[in-house]
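Student: I should like to take a close look at a single part of this molecule, namely the way its helices pack together. Could you please guide me through it?

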Amino acid sequence: MPVYQGRDSCMARREGWYIKRIGHPGVDTISEAAALAWAVLRDYRRGYTYEQGSCRKIRMTWKLAKKRLRFIIRLARIHGATDRELVVIKRIVNHAIKRRKLPAKYKQRVEKMIVKIR
């Protein structure tokens with residue numbers, strides 16, 4: 001079970017919100033990638049996240065955050081993001097790793113991707 005994305009995610013079950021999917025399962029758009037990066041950074045700031053599969057609460061270290069941020073690029077490749085989208089996604093992820101925050105211009109995209117339940 002995914003940590004952040006979809007109705008069956010850990011965030012949906014444990015916190016009442018999730019990142020919606022556009023089109024296909026996985027990360028195939030800039031908006032999805034930006035929202036996932038935002039969620040990883042949010043978990044890093046608060047100090048915990050959930051383990052994929054079991055949704056057990058675990059410590060969020062900077063090492064784990066970087067690993068999850070870099071994985072966004074891999075997921076985008078696997079799930080069919082275009083070459084142009086991949087360039088932007090890499091830029092977002094690299095900015096997030098370097099500055100530990102998202103580029104401001106993606107804030108509205110992130111807000112549109114969050115679905116609250118309850």
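Tutor: The account below takes the helix contacts in turn, then the core, and finally two residues in loops.

The structure is a predicted model. Let us begin with helix 2 (residues 30-46) and helix 4 (residues 83-99), whose axes come within 9 Å and cross at roughly 15 degrees. An angle under 35 degrees counts as roughly parallel, and helix 2 and helix 4 are therefore roughly parallel to each other. Their crossing is right-handed. On the side of helix 2, the residues that meet helix 4 are Ile 30, Ala 33, Ala 34, Ala 37 and Leu 41; their partners in helix 4 are Glu 85, Val 88, Ile 89, Ile 92 and Ala 96. By class, this contact of helix 2 with helix 4 consists of nine nonpolar residues, one charged residue and no polar ones.

Helix 3 (62-78) packs against both of these helices. With helix 4, the axes come within 9 Å and cross at roughly 175 degrees. Angles over 145 degrees count as roughly antiparallel, so helix 3 and helix 4 are roughly antiparallel to each other. Here Trp 62, Lys 66, Leu 69, Arg 70, Ile 72, Ile 73, Ala 76 and Arg 77 of helix 3 meet Leu 86, Ile 89, Lys 90, Val 93, Ala 96 and Ile 97 of helix 4. The contact of helix 3 with helix 4 has 10 nonpolar and four charged residues, with no polar ones.

Helix 3 also packs with helix 2, at an angle of about 175 degrees and with the axes 10 Å apart; helix 2 and helix 3 are therefore roughly antiparallel to each other. The residues of helix 2 in this contact are Ala 33, Leu 36, Ala 37, Val 40, Leu 41, Asp 43 and Tyr 44, and they meet Trp 62, Ala 65, Arg 68, Leu 69 and Ile 72 in helix 3. This contact of helix 2 with helix 3 divides into 10 nonpolar, two charged and no polar residues.

Two residues repay individual attention. Trp 62, in helix 3, counts as buried at 14% relative accessibility. Leaving aside residues up to four places away in sequence, Trp 62 touches Leu 41, Tyr 44, Leu 69, Ala 96, Ile 97 and Arg 100. Although Trp 62 and Ile 97 are 35 residues apart along the chain, their C-alpha atoms are separated by 9.3 Å. With the same sequence neighbours set aside, Ile 92 touches Ile 30, Ala 34, Ala 37, Leu 102, Pro 103 and Tyr 106.

We may now turn to the core. In soluble globular proteins, nonpolar side chains tend to be buried together. In this model, the largest nonpolar core has 37 residues, and those with the most contacts inside it are Tyr 4, Ile 19, Leu 69, Ile 72, Ile 89, Ile 92 and Val 93. Among the elements that give two or more residues to this core are helix 2, helix 3 and helix 4. Helix 2 supplies the largest share, nine residues.

Finally, consider the backbone in two loops. Most residues other than glycine have a negative phi. Arg 100, in the loop between helix 4 and helix 5, has instead a positive phi near 60 degrees, and Arg 100 is partly exposed, with a relative accessible area of 37%. Cys 55 also has a positive phi, of about 60 degrees, although it is not a glycine. Cys 55 lies in the loop between strand 2 (48-50) and strand 3 (57-59) and is buried, with a relative accessible area of 6%.

Conventions
Residues are numbered from 1 along each chain as its sequence is written. This is a predicted model: local features need pLDDT of at least 70, side-chain atom pairs count only at pLDDT 80 or more; totals for chains, interfaces and linings use all residues. Side-chain values use heavy atoms; hydrogens and water are left out. Axes are lines fitted to C-alpha atoms, for helices over the stretch in contact, and angles run from 0 to 180 degrees between N-to-C directions. Helices (H or I, at least four residues) and strands (E, at least two) are DSSP runs, numbered from the N terminus. Angles under 35 degrees count as roughly parallel, over 145 as roughly antiparallel, 65 to 115 as roughly perpendicular and the rest as oblique. A crossing is left-handed if the near helix is turned anticlockwise from the far one by less than a right angle, and right-handed if clockwise. Contact means heavy atoms within 4.5 Å. Ala, Val, Leu, Ile, Met, Phe, Trp, Tyr, Cys and Pro count as nonpolar, Asp, Glu, Lys and Arg as charged, and the others, Gly among them, as polar. A nonpolar core is a set of buried Ala, Val, Leu, Ile, Met, Phe, Trp, Tyr and Cys residues joined through side-chain atoms within 4.5 Å. Buried means under 20% relative accessible area, exposed over 50%, partly exposed in between (1.4 Å probe, protein chains only).
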